[in-house]
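Subject: The structure, and some notes on it

Hi,

Here is the structure I wanted to pass on to you. Have a look at it first, and then read on for my notes.

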Amino acid sequence: MLSPGALLRDITVLTEQSEVAWTTSRVLDLLPDGSTVGFEGDPPAGPITQGAVLERWRTHDYRAQVHPATLCARRDLVTALGGWMALPASENTGLLMALNAVSTARWFIEECGLPYRKWPGQSTAQDAHHHEAERRTRMKIIEERAEALSKLSTWHLRARPTRNVRSRESQGLPSHTDR
């Protein structure tokens, strides 16, 4: 369950800063005894450095510096990326890495956006979630998508034609407004 005001904080950032593509916020692990534990990897409040999320994920046993369950992203961007990945688990991590790959502006909100309930019955506590071969395969698929999106974004900017481009009308095609 999101903390009170979490979505308002996210939407405020996205509304006031049109260049920000997505936000995430602090997560506290909520333990069975009711106590909470913070995460030492939280970035500073504000902009998240480009590449930092993917880099930390790769170098810290596929654990990101931000929790994907707190993502608030622009709808058109999520739609363009195809939404959440079709994986048996970690699909929210897949979306986080894809968003990280294509967006240049992302934001971390320091206030707790999610108390993440830890309990023995949760799916991420089950043996199947930690089966090494299956987990390694999931992480590889997520990483490959993020890398491909990153290259595609770079390629698209480099490969855009700059000359010999003819308008639709000069090719005898209707303009976009004629459709």
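Leaving aside its neighbours within four places in sequence, which residues is Met 1 in contact with? Please keep in mind as you read that this is a predicted model. The partners of Met 1 are Leu 114 and Pro 115. Met 1 itself sits in the segment before helix 1 (6–16), and its relative accessibility of 83% makes it count as exposed. Thr 70 lies 69 residues away from Met 1 in sequence, while the C-alpha atoms of the two are 10.0 Å apart in space.

Now to the part I spent more time on, the packing of two helices. The axes of helix 2 (residues 52–59) and helix 4 (residues 91–102) come within 8 Å of each other and cross at roughly 135°. An angle of 65 to 115 degrees would count as roughly perpendicular and one over 145 as roughly antiparallel; helix 2 and helix 4 are therefore oblique to each other. On the helix 2 side, Val 53, Leu 54 and Trp 57 make the contact, and on the helix 4 side Thr 93, Leu 96, Met 97 and Asn 100 do. Sorted by class, this contact of helix 2 with helix 4 has five nonpolar residues, two polar ones and no charged ones.

Helix 2 deserves a look on its own too. Its buried residues are Val 53, Leu 54, Arg 56 and Trp 57. Viewed down the axis of helix 2, these buried residues fall within an arc of 165°, so they line one face of the helix. After helix 2 comes Asp 61, which has a positive phi, near 55°.

The same region turns up again in the nonpolar cores. The largest core has 24 residues, and those touching the most other members are Trp 22, Val 53, Trp 57, Leu 81, Leu 96, Met 97 and Ile 142. Helix 2, helix 3 (75–80), helix 4 and helix 5 (132–159) each give two or more residues to this core, with helix 4 giving the most, six residues. Met 97 is a good one to click on: leaving aside its neighbours within four places in sequence, Met 97 is in contact with Val 53, Leu 54, Trp 57, Ala 64, Ile 142 and Ala 146. There is also a second, separate core of seven residues, among them Val 13, Val 20, Ala 105 and Ile 109.

Happy to talk it over whenever suits you.

Best wishes

Notes. Residues numbered from 1 in each chain as written. Predicted model: local features only at pLDDT ≥ 70, side-chain atom pairs only at ≥ 80, totals over all residues. Heavy atoms only, no water. Axes fitted to C-alpha atoms, helices over the stretch in contact; angles between N-to-C directions. Helix = DSSP H or I, 4+ residues; strand = E, 2+ residues; numbered from the N terminus. Parallel < 35°, antiparallel > 145°, perpendicular 65-115°, else oblique. Contact = heavy atoms within 4.5 Å. Nonpolar A, V, L, I, M, F, W, Y, C, P; charged D, E, K, R; others polar. Buried < 20%, exposed > 50% of the residue type's maximum accessible area, 1.4 Å probe, protein only. Arc of directions from axis to C-beta. Core = buried A, V, L, I, M, F, W, Y, C linked by side-chain atoms within 4.5 Å.
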